[in-house]
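User: Could you take a close look at one part of this model for me? I would like to start from a single residue and work outwards to its surroundings.

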Amino acid sequence: MPALTVLVIDDEPQIRRVVRHALEAEDTRVLEASTGREGIDLAAAERPDLIVLDLGLPDVLGIDVCRDIRSWSTAPVLVLSARHSDQEKAALLDAGADDYVTKPFSTLELQARVRAQLRRARMERQASGDGRVAARNVVIDLVKRSVTRDGAAVHLTPIEWELLRVLSTHAGRTMTHRQLFAQVWARQHGDAQQYLRVHVASLRRKLEEDPVRPRLIITEPGVGYRFEQGG
């Protein structure tokens, strides 16, 4: 039996065919759905490891399909979209999507994004086991609430710790300004971007080899931030 199951929800047969050819392998089976409702039913029945979701579906808004699936599934959701605005990207990430690929896309880009999301899901499971997240020369101990860089302890303020905890436990996933503000400050109101800008800059000074060219905490302009474990 294949080790992985991927569900593609898209009403365009040619797009489903491209995704199938890009992802299907001996250890991966690809399921297809042409409507939002069919996709939700298949996701519930088959419990795929990853879902590729098109936003432009004929019966249900793609973002609503994403919200529905996310309410009971932790499988990574990779969105295909012809839309480009930062507001739309932020909205779909807030709805529970993990990443997005803008049409037209290359097979190599799609494969890379899928690998990244599957790797992130595995890392989240591993991190929940021993409570440690390692990224380059930084080690974050979620149980002891401690951080080291090159083996030396790093002092963080309570807000910096909480921000790093949220980012690192969602490594590889872009967290929107709204998501971070709600989880770190536990409120919805205020200038999220300004609060985050100040504290992210401070974290980078403490953790990055070159804060001007960060490689751990990456800015997604107009959308939010992403924590990268590799590279």
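The residue I have in mind is aspartate 141: in which element is its place, is it buried or exposed, and what is it in contact with beyond its neighbours in sequence?

Analyst: Happy to. Aspartate 141 sits in strand E7 of what is a predicted model. Its relative accessible area is 9%, and because the cut-off for buried is under 20%, aspartate 141 counts as buried. Setting aside residues within four places in sequence, its contacts are Gly131, Arg132, Ser146 and Trp161.

Trp161 takes us to helix H6, where it is one of the buried residues. H6 is mostly covered, with eight of its eleven residues buried. Besides Trp161, the buried set in H6 holds Glu160, Glu162, Leu163, Leu164, Val166, Leu167 and Ser168.

Strand E7 and helix H6 also meet in a wider setting, the largest nonpolar core. This core has 27 residues, and Val147 and Phe227 touch the most other members. At least two of its residues come from each of strand E6 (132-135), strand E7 (138-141), helix H6 (158-168), helix H7 (177-185), helix H8 (192-207) and strand E12 (224-227). Phe227 is a good place to look at next: not counting residues up to four places away in sequence, it touches Val133, Ala135, Ile140, Leu164, Leu167, Ser168, Ala171, Gly172, Leu216 and Ile217. Leu164, Leu167 and Ser168 in that list are also among the buried residues of H6. A second core lies apart from this one; it has 21 residues, including Ala33, Ile40, Leu93 and Tyr100.

Just before strand E7 there is a backbone detail worth checking. Arginine 136 is in the loop between E6 and E7, and its phi is positive, about 55 degrees, although the residue is not a glycine. With a relative accessible area of 36%, arginine 136 is partly exposed, whereas aspartate 141 is buried.

Two other loops have backbone features you may want to inspect. Arginine 47, in the loop between helix H2 (36-46) and strand E3 (50-54), also has a positive phi, near 50 degrees. Proline 104 belongs to the loop between strand E5 (99-102) and helix H5 (107-130), and the peptide bond leading to it from lysine 103 is cis, with omega near -10 degrees.

For another buried residue, try alanine 75, in the loop between helix H3 (62-70) and strand E4 (77-81). Its relative accessibility is 7%, so it counts as buried. Beyond four places in sequence, alanine 75 is in contact with Pro48, Asp49, Leu50, Arg70 and Asp98.

Now for the whole protein around these parts. There are eight helices and twelve strands, and buried residues make up 47% of the 231 residues. The radius of gyration is 18 Å, which agrees with the value near 17 Å for a compact globule of 231 residues. The C-alpha trace spans about 50 × 40 × 30 Å along its principal axes. Among contacts with a separation of 6 or more, 57% are between residues 24 or more positions apart. The accessible surface comes to about 11500 Å², with 50% of it belonging to carbon and sulfur atoms. Finally, the mean positions of the 33 positive and 33 negative charges are 5 Å apart.

Methods:
Residues are numbered from 1 along each chain as its sequence is written. This is a predicted model: local features need pLDDT of at least 70, side-chain atom pairs count only at pLDDT 80 or more; totals for chains, interfaces and linings use all residues. Side-chain values use heavy atoms; hydrogens and water are left out. A nonpolar core is a set of buried Ala, Val, Leu, Ile, Met, Phe, Trp, Tyr and Cys residues joined through side-chain atoms within 4.5 Å. Buried means under 20% relative accessible area, exposed over 50%, partly exposed in between (1.4 Å probe, protein chains only). Helices (H or I, at least four residues) and strands (E, at least two) are DSSP runs, numbered from the N terminus. Contact means heavy atoms within 4.5 Å. The radius of gyration is taken over C-alpha atoms; the globule rule is 2.2 Å times the number of residues to the power 0.38. Accessible areas come from the Shrake-Rupley method with a 1.4 Å probe; for residues, only the protein chains shown count as cover. Lys and Arg count as positive and Asp and Glu as negative; His and the chain ends are not counted. The place of a charge is taken as NZ of Lys, CZ of Arg, CG of Asp or CD of Glu.
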